[in-house]
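Visitor: I'd like to learn how to read a structure like this one. Could you walk me through it, feature by feature?

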Amino acid sequence: MKKREPVSQIMTKSLITVNTAHHTLHNVKDIFRREHIRHLPVTAGDKLIGMISKNDIMRLSFGSIFDNQSDADEAIFDMLTIDQVMTHNPKSVTSDTPIKEVAEILVKEDFHSLPVVDDGKITGIVTSTDIIGYLLNQY
C-alpha cells in the first residue's frame, strides 16, 4: 500500500452537483433515486457552498414511515429550500491530500463524504465507499 497516494486516485471526478438557484428539494430527491448516490455538492457556479445528503432528504420524508403520506412529503419539499437543508461551508480536502489523511478525517468527523476542492473550484468527491474500495484493492 502506498502511504502518500493522493485522493485524486480514488475520488469521483465526474460530479453531479445542484445549484440553489436552479434546483429544488424535489430535484435532489430525484437525483438521489436516479443516480444511486448519497451525497451531492451544492454549488454557486464552480464554488462549493454546501453538501446535501440522502439522509438529509430522508429526515424530511414521512413516506418511509407511514403509508399514503407522499402528499405530506411533497408539501415539506415545497416549503423548504436546499439552502435550508444543506450543510453550509462543508469541510473539504484538496486532490493531493493523502488517502490516509482523508480516511482519518472521515472517521474522526463521522462523515461519509468529503468534497475535493482545488483553487476554490470543486473537482471531485470522495466517500467512505471509495476508501473501502481502495483498501480492498490492496489485497
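Visitor: Let's start with helix H5. Which residues are exposed on the other side of H5, away from its buried ones?

Guide: Keep in mind that this is a predicted model. The exposed residues there are Lys100, Val107 and Lys108. For the buried set in H5, look at Ile99, Val102, Ile105 and Leu106. These four cover an arc of only 120° around the axis, so they sit on the same side of H5.

Visitor: What do the buried residues of H5 pack against?

Guide: They pack against E5, E6 and H6. And take a look at what comes just after H5: Asp110 has a positive phi there, of about 60°.

Visitor: How should I read a positive phi?

Guide: Here's the general idea: most residues other than glycine have a negative phi. Now for the cases in this chain. Asn89 is not a glycine, yet its phi is positive, near 45°. Asn89 belongs to the loop between strand E4 (87-88) and helix H5 (99-109).

Visitor: Is Asn89 buried or exposed?

Guide: Exposed, because its relative accessibility is 69%. Asp119 is another case, with a positive phi of about 50° although it isn't a glycine. You'll find Asp119 in the loop between strand E5 (113-118) and strand E6 (121-127). Asp119 counts as exposed too, at a relative accessible area of 84%.

Visitor: On to helix H6, then. Which of its residues are buried?

Guide: In H6, which spans residues 128-137, they are Ser128, Asp130, Ile131 and Tyr134. They cover an arc of only 160° around the axis, so they lie on the same side of H6. Turn to the other side of H6 and you meet Ile132, Leu136 and Asn137, which are exposed. As for partners, the buried residues of H6 pack against H5 and E6.

Visitor: How do people describe a pair of packed helices?

Guide: Two packed helices are described by the angle between their axes and the distance between the axes. For H5 and H6, the axes come within 10 Å and cross at roughly 135°. That makes H5 and H6 oblique to each other. The crossing of this pair, H5 and H6, is left-handed.

Visitor: Which residues meet where H5 and H6 touch?

Guide: From H5 you have Ile99, Val102, Ala103 and Leu106, and they meet Ser128, Ile131 and Tyr134 from H6. By class, this contact of H5 with H6 has 6 nonpolar residues, 1 polar and no charged ones.

Visitor: Can we look at some strand residues as well? Where is Ile122, and what does it touch?

Guide: Ile122 is in strand E6. Ile122 counts as buried because its relative accessibility is 10%. Leaving out residues up to four places away in sequence, Ile122 touches Leu15, Pro41, Thr43, Asp46, Leu48, Pro115, Val116 and Val117. Pro41 is a good one to find on screen: Ile122 and Pro41 are 81 residues apart along the chain, while their C-alpha atoms are separated by 8.5 Å.

Visitor: And what about Ile52: where is it found?

Guide: Ile52 is in strand E3. With a relative accessibility of 1%, Ile52 counts as buried. Among the residues that Ile52 touches, again leaving out those up to four places away in sequence, are Leu25, Val28, Phe32, Leu40, Ile57 and Met86. You can also pick out His88: the C-alpha atoms of Ile52 and His88 are separated by 9.0 Å, and the two residues are 36 apart along the chain.

Visitor: Does E3 offer another example to look at?

Guide: Try Ser53, found in strand E3, residues 47-53. Ser53 is buried, with a relative accessible area of 14%. Beyond residues up to four places away in sequence, Ser53 touches Phe32, Arg38 and His39. Phe32, Arg38 and His39 are also among the residues touched by Ile52.

Visitor: Let's zoom out. How many helices and strands does the chain have?

Guide: There are 6 helices and 6 strands. Reading from the N terminus, their order is β-α-β-β-α-α-α-β-α-β-β-α. Of the 139 residues in the chain, 39% are buried.

Visitor: What share of contacts join residues at least 24 apart in sequence?

Guide: The share is 58%, taken among contacts between residues at least 6 apart in sequence. The pairing of Ile122 with Pro41, 81 residues apart along the chain, is one to look at with that in mind.

Conventions. Residues are numbered from 1 along each chain as its sequence is written. This is a predicted model: local features need pLDDT of at least 70, side-chain atom pairs count only at pLDDT 80 or more; totals for chains, interfaces and linings use all residues. Side-chain values use heavy atoms; hydrogens and water are left out. Helices (H or I, at least four residues) and strands (E, at least two) are DSSP runs, numbered from the N terminus. Buried means under 20% relative accessible area, exposed over 50%, partly exposed in between (1.4 Å probe, protein chains only). The arc is that of the directions from the helix axis to the C-beta atoms. Contact means heavy atoms within 4.5 Å. Axes are lines fitted to C-alpha atoms, for helices over the stretch in contact, and angles run from 0 to 180 degrees between N-to-C directions. Angles under 35 degrees count as roughly parallel, over 145 as roughly antiparallel, 65 to 115 as roughly perpendicular and the rest as oblique. A crossing is left-handed if the near helix is turned anticlockwise from the far one by less than a right angle, and right-handed if clockwise. Ala, Val, Leu, Ile, Met, Phe, Trp, Tyr, Cys and Pro count as nonpolar, Asp, Glu, Lys and Arg as charged, and the others, Gly among them, as polar.
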